[in-house]
Structures are given as structure tokens and as C-alpha cells.
Amino acid sequence: MGHPHSKGKGGHPGKSDGAPRLVAWEITRNCNLSCVHCRAAATMGPYTGELDTDAALNLVDEIAQVGSPIVILTGGEPLLRPDIFEIASYGTKKGLRMVMAPNGTLITEENAKRMAESGIQRISISLDGATKERHDAFRGIEGAFEGALKGMEQARAAGIEFQINTTITQANLEEIPKIQDLAVELGAVAHHIFLLVPTGRGKYILDQEIDAHQYEETLNWFYDQREETPLQLKATCAPHYYRILRQRAKAENKSVTFETHGLDAVTRGCLGGTGFCFISHRGVVQPCGFLDLNCGDVTQTPFPEIWRNSEVFCALRNYDNLKGKCGACEYRKVCGGCRARAYEATGDYLAEEPLCSYQPPACR
């Protein structure tokens, strides 16, 4: 799953009345790959209870009622859904910025054209290795690397911009610079890095998770890349990046503004429930795809009502609810820690983030 997005309209994080800026919608759980870290543990379904076309179009209407967020059609593999272009076109007509997160292997010249016609503005394709051996092992299928590269080529030919998403684990940590070089070479507009969140199949590769020290080093390296690469860079599921960015800028006597740091200056680390939410293939709303908390079901409650009134969302919107060192941290408004990691480690989504080496002054 990826978050392909760029400057979208929408509320600012931290305002509890804010409109969502991003909605990730698992339009299907069916998938043609079997990736080792998959949050959905997705395989070729069929999965029961998937929203049908009418319910999907109705959901688009309801999303448009709360703002004009970027809507990420994700999966599974969104291209396995026969009505995907109908849904994308409908969202585009409603003024939503429609983007898609396919794995690349099913993109053809024909469906790339249909993507462009339906108003898909960007797609994200994951590359978790700089070589086919590395990527295919991660994706659990031979030919995934070649397929992803072909998919990018088709998207490019159809005039659709694409970004590359990479989930960082022990297995590919030292390959990240190579993957970034490859992204430039392939003509990507952005590179988003994801820190593994141990849910779904990701739970079973916990020994692949990088430790807090490697995490800190990787995010500092990523900060240095801002001047080095033509790509738009974004760290996702890595809220500490927004602390590091401010620490580094302060050390360099720079202020963090939209002019100097772009979107990184106006967003925050964990957007779960504040500027972002996830909707499952059955219509269950969660703060994010990794935080498995049922905040409401769109087949029973209208989406705007869930977005505004969910108890979990309301709790997440008040950063003073955070516990442990996250609650005491002076960066809690810009970082917030990964709520899904906290939940997986402790069973409490407001607990302190387990993978952070920073000690706030209040805790020293």
C-alpha cells in the first residue's frame, strides 16, 4: 500500500475539525502477489463483503461531503476490480484528487490509457530492492520486479506521473540509496520511504525490523537527500522524521517554513485520524491501514459522521492524550509517534512509540 500524493487541498493536521487530506481506500483485497510484509495478508480472493459498485459510488459522494482529499485507491491490487475506472472517473467528477497504488505488474498500454482518462493523477509503485532478486524475494513472486518496471513505463507513456514507495527492513536497508538512484533513472517524480509496521504478514518478519538507532540514521540520511535528488521525498510511517527535520534545521540556523521545506513544514508525522484515514474493502474505517481499530462502518454509518465523531479519531486529535515519553515530548505536535506501532507493542494506541531513541528533556 502506498500514499501517492502531492499538494492537495484539505485541512491542516492538528485541527480536530479539519477535513481529511488523504483517504486510503482498500477497494479490493484481491491481489496477484503475496508480499512478505503485507498488512492485508492479501492473496487471490475472492474476499467476501466487498463494497459493490453502488456502495462504492455512494462512498465517493460521502467523502466529497467532508472536503476534497486525495483518495488513494489501494488494495490488494486495485486493477483486479472490474469497475475501478468507473469509480475513479466518478471521484474525479466530484472534484477529488484520485490516485492509485497498483503493484505495477498488471498495467498494460490499454489500462494505463483508461487510468489517464478516468483522471488518475498519480500512481505509486513499490520497489523494495534495486535488483530483481531482492525485489522478487520481498514480493513473493518471480517477475514482480520486471512487472513493476514495465508498469512504470506504461504509466509514463500514458502521461501519468508515478512515485516509488519502499518499505525499509534489515534486508534492504543498505540498498535504499541504490533504489533512490533507480527511481531517478526510471523517471519517478517522488520517493516515499515506509518504515515497517509489524501487522498482517509483517508481524512474521519482525526480525527484519530495523532498530531505533538504524531508524535515526536512515532518517538523517533521508534529510540529507533533500538537496541531492530531483525527487520529492517523503517519510511515511516514520513520524520521527518531522522531529529530525526540525532538529537539523535548528542546528543549521534555518527556519522550517513551506518555502524552505515544502509540505514537510505543514504536515506532521502520524496523520492517523487527524488528516488521514483508511477504509477497508468491507467499508470499515480505521485511523490507518496498520492500526486495526474499527472506528465505524460506512455500510451502517455515513462516512462524514464517522470522520467527525469517532471516539478513536477524537482521542487522536488531542495530542495531550499521548502517554509515556510521547506525551512529554516537545515534538508531539509534529511527530506524534506511530500509533500503530504503539498499539501492536502495548495494546494501547495512545502509548509511547516503541521505536524511538529520542529522550525528551522532560524525561531525562
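Visitor: What makes the reach of the arginine 317 side chain to the backbone oxygen of tryptophan 307 a polar contact?

Guide: The side chain of arginine 317 comes to 2.7 Å from that backbone oxygen, and a polar contact is a pair of N or O atoms within 3.5 Å, where within protein one atom must be able to donate a hydrogen and the other to accept it, and residues adjacent in sequence count only through two side-chain atoms. The value therefore falls within the limit. This is a predicted model, in which local features need pLDDT of at least 70 and side-chain atom pairs count only at pLDDT 80 or more, whereas totals for chains, interfaces and linings use all residues. Residues are numbered from 1 along each chain as its sequence is written, and side-chain values use heavy atoms, with hydrogens and water left out.

Visitor: Why is arginine 317 called buried?

Guide: Its relative accessible area is 7%, and buried means under 20%, exposed over 50% and partly exposed in between, with a 1.4 Å probe and protein chains only, so arginine 317 counts as buried. Arginine 317 lies in the loop between helix H11 (311–316) and helix H12 (324–328); helices here are DSSP runs of H or I with at least four residues, strands are runs of E with at least two, and both are numbered from the N terminus.

Visitor: How do you know whether cysteine 237 and asparagine 253 are buried or exposed?

Guide: Cysteine 237, with 18% relative accessibility, counts as buried, whereas asparagine 253, at 74%, counts as exposed. Cysteine 237 has a positive phi of about 55° although it is not a glycine, and asparagine 253 likewise has a positive phi, near 55°. Cysteine 237 is in the loop between S7 and helix H8 (240–251), and asparagine 253 is in the loop between H8 and helix H9 (258–261).

Visitor: What makes strand S1 and strand S8 a pair?

Guide: Strand S1 (residues 22–26) is joined to strand S8 (residues 276–279) by 4 bridges, and two strands pair if DSSP finds at least two bridges between them, so S1 and S8 meet the criterion. The two strands run parallel, and alanine 24 stands opposite phenylalanine 278 in S8.

Visitor: Why do strand S7 and strand S9 stand at the edges?

Guide: The open sheet of 9 strands has the order S7-S6-S5-S4-S3-S2-S1-S8-S9, with mixed pairing. Strand S7 (232–236) and strand S9 (285–286) each have a single partner strand, so one side of each is left without a neighbour in the sheet.
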